[in-house]
Every structure is written in C-alpha cells, then in structure tokens.
Amino acid sequence: MSKYVCSVCGFIYDEAKGIPEAGILPNTKWKDLPEDWVCPICGVPKSSFIRQDEQIITQKKKPVPIKETSSELKEMTALELSALCSNLSRGCEKQYKLEEAALFKELGDYFGKKATPIDSPNVNQLVALIEKDLEEGFPIANGTAKENKDRGALRTLTWSEKVTRVLKSLLIRYQREGKTMIENTGVYVCTICGFVYVGDNLPEICPICKVPNWKFEKMKGRA
C-alpha cells in the first residue's frame, strides 16, 4: 500500500486507510480513485499528487532570465491599487505589524470603492490569466528573488503559487459544475494568504500558510 502527497497543501492519501467519511473504503488503490477526484482539502486534481516513496530525480535547471523592467512607471487602476494595498495589509498582519496592516486595509477599501466594477467576468479569461502567471510570471519572479537571495520573497512566492494553483483548480471545477458547486455549502478565504476553501468543515489550520482557521473569512454571496 502506498501513500500519495498533495504537492499544494500536503494532504496525504493513504491507500490502506482510504477516506471512509467520503465513501472511499480502506485498501482503495490510488489508480482506482475516479479521474475527477480532487484533494479534499485544497481541491487540486490527482495530477498534483506525488507518491510519498517515489524517488524524485532532481535535474539542474537553467537559470530563469530576470525580466528587464521599463524605466517608465505604469499608472495603476483603482482596482489594482485596491488589490495591492489589500495584499500589503495581509502581509503586515502576518508580520504582526497591526498599525501598518490597518492603514493598508483602509487604503485598499478606499481604492476598492473608487474602482469600476467588472461586468460579466469570463471564467475562461481568468483561467488563461492564471495559467500565464504560472507559466511565466512565477518563474520570472522566483528567478529574481533567488538572484537577490531574498528569502522572504521566495517564501511569499511559494504561498502565492500554491494558492494560485488552488484557484485554477476551483475555476476549472466551476466551469464543469456551475453555481451548484457553491450551493448549500460555505466558501471561506484565508485572510493571510488567500487560500480558498469550499465546504463546511474547515481544516484546523490553513494548509498553505499554517495560520489557525479563525483567520478564515466566510464569503457572502451577491444579493
């Protein structure tokens, strides 16, 4: 019997134990799980799992080129500023800088009210943007952080990439299931790293940034 580990949140599927509460009996082989089965914690597909005892051969990777930035500053939209300030607020909160966190939150709320709402957001467009971030944005950002030996940035990027993979998985699931995916169930967001959990039984700690579940905020649907 083997064990398989989720590469995003660390959940372990043990073939010997199964997941009886989810209808998966003990001694259920990994290959016998449905192809559309997803991690019960973070919702990523089977392809994101790695066998625990698998020998992983690490190969030297070519250094990721650092993207040259333009000397011209780009004016950010109110929506972008709102997102930036919101993320900075959460980062300060994680570092227990509560005064700075409150100020950034106030700025985020201000720009959020000034932002123009997006009409009819397209899920396919969101998935495409996320895939571009995963394929291009994160490798470049990680390369820059490694070049500058910025351990704080590397840790933050690790969290961010994992959360982004979870969001991609949830959006793809939403494409299949539609609004039934979130009917009669809760949707919670970790206020520190942005991890999204769909379900009623929150994990005791966030699988990404390890804060306790009282740091999660329940999302309210639109009226």
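The legends below describe three close-up views of a predicted model. Local features need pLDDT of at least 70 and side-chain atom pairs count only at pLDDT 80 or more, while totals for chains, interfaces and linings use all residues. Residues are numbered from 1 along each chain as its sequence is written, and side-chain values use heavy atoms, with hydrogens and water left out.

**View 1. Helix 1 (residues 78–94) and its buried face.** Helix 1, a DSSP run of H or I with at least four residues, numbered from the N terminus, has 17 residues and reaches 24 Å from its first C-alpha to its last, close to the 24 Å expected at 1.5 Å a residue (1.5 Å times one less than the number of residues). Its buried residues (under 20% relative accessible area, 1.4 Å probe, protein chains only) are Ser82, Cys85, Ser89 and Cys92. Seen down the axis of helix 1, these fall within an arc of 95 degrees, so they line one face of the helix; the arc is that of the directions from the helix axis to the C-beta atoms.

**View 2. Helix 2 (98–114) packed against helix 1.** Ala101, Gly108 and Phe111 are the buried residues of helix 2, and what covers them includes helix 1 (contact means heavy atoms within 4.5 Å). The face turned away from this buried side carries Glu99, Glu106, Lys113 and Lys114, which are exposed (over 50%).

**View 3. Thr191 in the loop between strand 4 (187–190) and strand 5 (196–198).** Strands are DSSP runs of E with at least two residues. Thr191 counts as buried at 17% relative accessibility, and its side chain reaches the backbone oxygen of Lys215 at 2.7 Å.

Conventions:
A polar contact is a pair of N or O atoms within 3.5 Å; within protein, one must be able to donate a hydrogen and the other to accept it, and residues adjacent in sequence count only if both atoms are side-chain atoms.
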